[in-house]
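Trainee: I would like to learn how to read the boundary between two domains. Where should I begin?
Mentor: Begin with one pair of residues, then widen the view.

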Amino acid sequence: MPTKTKSGARLRLNSVSLTEKDYKEIADKHKPKPNIFVNCLKAFLSGGLICLIGQCIQQLFMSYAGMTSKEASSPTVAVLIIISVILTSFGVYDKIAQWAGAGSAVPVTGFANSMCSSALESKAEGLVLGVGANMFKLAGSVIVFGVVAAFVVGLVHVIFGLGGVH
Amino acid sequence: MRLTGSQTWVFESKPAIIGASAVVGPEEGQGPLAGDFDFVYDNLEIDEKTWEKAERKLMEHASALALTHAGISRADLQFFIGGDLMNQIISSTFAARRIGAPYLGVFGACSTSMESLALAALIVDAGGADYALAGTASHNCTVEKQFRYPTEYGAQKPLTAQYTITGSGTAVVSSRAGGPRVTHATIGRIQDLGVKDPFNMGAAMAPAAADTIVAHFRDTGRVPEDYDLIVTGDLASVGHSIVLDLLNRAGVTMSETVLNDCGLMIYDRDKQPFAMAGGSGCGCSAVVTYGHILKKIKKGELNRVLVVATGALLSPLSYQQGESIPCIAHAVALESEEAKA
């Protein structure tokens with residue numbers, strides 16, 4: 001029988017009585033442990049591969065469109081975003097992500113995937129209340145904290161970074 | 001009906017499940033129980049434009065099939081008891097428009113299958129109806145959308161995560177003979193042992209399952225050996241091993257061949273790795289019970305079965321606010337038509 005007290009619930013099964021702490025120990029014992037080393041390696045390889053592809057695209061823009069590396073960076077990002085959106089729309093990106101983990105979440109392709117998947121998911125609720133309102137559901141916090149972090153870094157730079165490169 | 005012990009109903013007239021059906025999506029249709037389902041859709045959209053309409057269609061289809069199997073018309077049906085995982089249980093309520101019978105909507109998350117079956121049996125046993133329909137449905141994409149991330153979002157799922165099944169199971173309970181009998185129902189209590197991780201539902205729900213199983217044996221005086229199969233709803237691999245551990249500690253011993261879990265039965269996790277720890281969702285225990293288990297009882301391969309459907313009663317809001325997950329389990333005892341008391 002459950003009894004919710006200040007010290008937490010108890011599970012009573014016949015003569016056995018378990019506190020939340022006891023139960024946590026039991027539950028943790030049965031929880032499969034992720035292989036962190038393998039996950040890190042997969043993330044390193046897949047994230048690295050995405051960056052390598054980006055580098056190749058940038059090189060193509062520089063070699064064939066006569067751009068400087070700075071000019072080529074924006075179209076490179078745009079191409080990566082397009083590729084990510086296409087893969088998301090065909091239902092492939094989430095399958096890659098299950099293998100790649102952080103490797104496909106951290107690069108710009110992960111950001112594009114979060115927006116595209118939210119937009120697809122809310123299509124049924126219409127353009128305004130659905131797609132428009134929900135597109136930034138996941139990406140919104142990246143932007144908010146990105147801007148806040150940039151502001152803090154800017155402050156640090158102004159106070160301590162005098163003489164630094166602007 | 002009479003109450004025995006603290007929380008178990010004994011249905012003295014033993015209402016029969018005279019017709020049942022399980023309708024599933026393509027992924028369940030490739031699983032080990034494929035042959036037992038009454039209809040398998042070959043597309044996840046279930047030929048509809050939105051996921052919500054797809055879920056409703058599964059329920060409408062399963063209800064229509066169950067009535068056909070029971071040999072009764074829509075006009076004969078006296079009550080419909082249903083529920084699902086959507087906000088405001090829209091799938092069953094909207095399906096009830098087409099079913100037309102007087103309707104009671106219930107919510108027990110994934111325990112809804114046995115909650116609705118217990119209530120339908122209660123109504124029939126009390127003489128309140130000759131035909132009552134119990135049913136539930138879930139769709140992978142509606143549930144992921146509401147409780148987790150967008151379907152196509154690339155987040156790596158942990159090993160404890162479960163996969164919501166796409167399917168609907170319904171059953172017609174009747175005072176007329178002609179099918180497996182519903183003999184007991186043990187209504188569960190909420191158990192909350194402080195698990196907060198919505199990606200580890202098995203660990204959250206296992207205490208509720210263990211509590212209801214222990215209560216069922218205490219109330220009825222039965223022992224595990226009285227059942228050919230005791231099956232939990234959707235604990236999947238993690239919750240299944242925890243519940244075995246808890247029951248062992250409580251002195252309720254059973255070999256693994258007797259205790260199984262619908263979430264483990266519905267997919268072949270080696271060939272269908274997307275299922276991670278196993279299946280979950282309202283439809284999980286419903287399609288396994290109404291598709292697979294009832295057929296085995298009818299064939300005489302199983303005589304007596306206890307289905308313990310488990311539900312995690314969280315909302316997206318509650319876990320974002322850091323609340324732990326209250327869980328529940330309802331058990332219903334089924335037996336073959338010829339079984340001796």
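Mentor: This is a predicted model. In it, Glu335(B) and Lys14(B) form a salt bridge, and their closest N and O atoms are 2.9 Å apart.

Trainee: How many salt bridges are there between domain 1 of chain B and domain 2 of chain B?
Mentor: The count is two salt bridges. Polar contacts between these domains are counted too: 29 residue pairs, both residues at pLDDT 80 or more.

Trainee: Which elements of domain 1 of chain B touch domain 2 of chain B?
Mentor: Among those giving two or more residues are strand E3 (16-24), helix H3 (112-125), strand E7 (131-138) and helix H4 (140-147) of chain B. H3(B) gives the most, with seven residues. By class, this side of domain 1 of chain B has 30 nonpolar, 22 polar and nine charged residues.

Trainee: Which residues does each domain of chain B cover?
Mentor: Domain 1 of chain B runs over 2-174, and domain 2 over 182-335. Their C-alpha centres lie 17 Å apart. In contact are 61 residues of domain 1 of chain B and 63 residues of domain 2 of chain B.

Trainee: What is the area buried between domain 1 and domain 2 of chain B?
Mentor: The size of an interface is often given as the accessible area lost when the parts come together. Here that area is about 5000 Å², and carbon and sulfur atoms give 63% of it. On the side of domain 1 of chain B, Gln7(B), Met114(B) and Gln162(B) lose the most area to domain 2, together 16% of what that side buries.

How values were computed
Residues numbered from 1 in each chain as written. Chains lettered and ligands numbered in written order. Predicted model: local features only at pLDDT ≥ 70, side-chain atom pairs only at ≥ 80, totals over all residues. Heavy atoms only, no water. Domains from an automatic or database assignment. Contact = heavy atoms within 4.5 Å. Buried area = accessible area lost by both parts, 1.4 Å probe. Salt bridge = Lys/Arg side-chain N within 4 Å of Asp/Glu carboxyl O. Polar contact = N/O pair within 3.5 Å; in protein donor to acceptor, adjacent residues only side chain to side chain. Helix = DSSP H or I, 4+ residues; strand = E, 2+ residues; numbered from the N terminus. Nonpolar A, V, L, I, M, F, W, Y, C, P; charged D, E, K, R; others polar.
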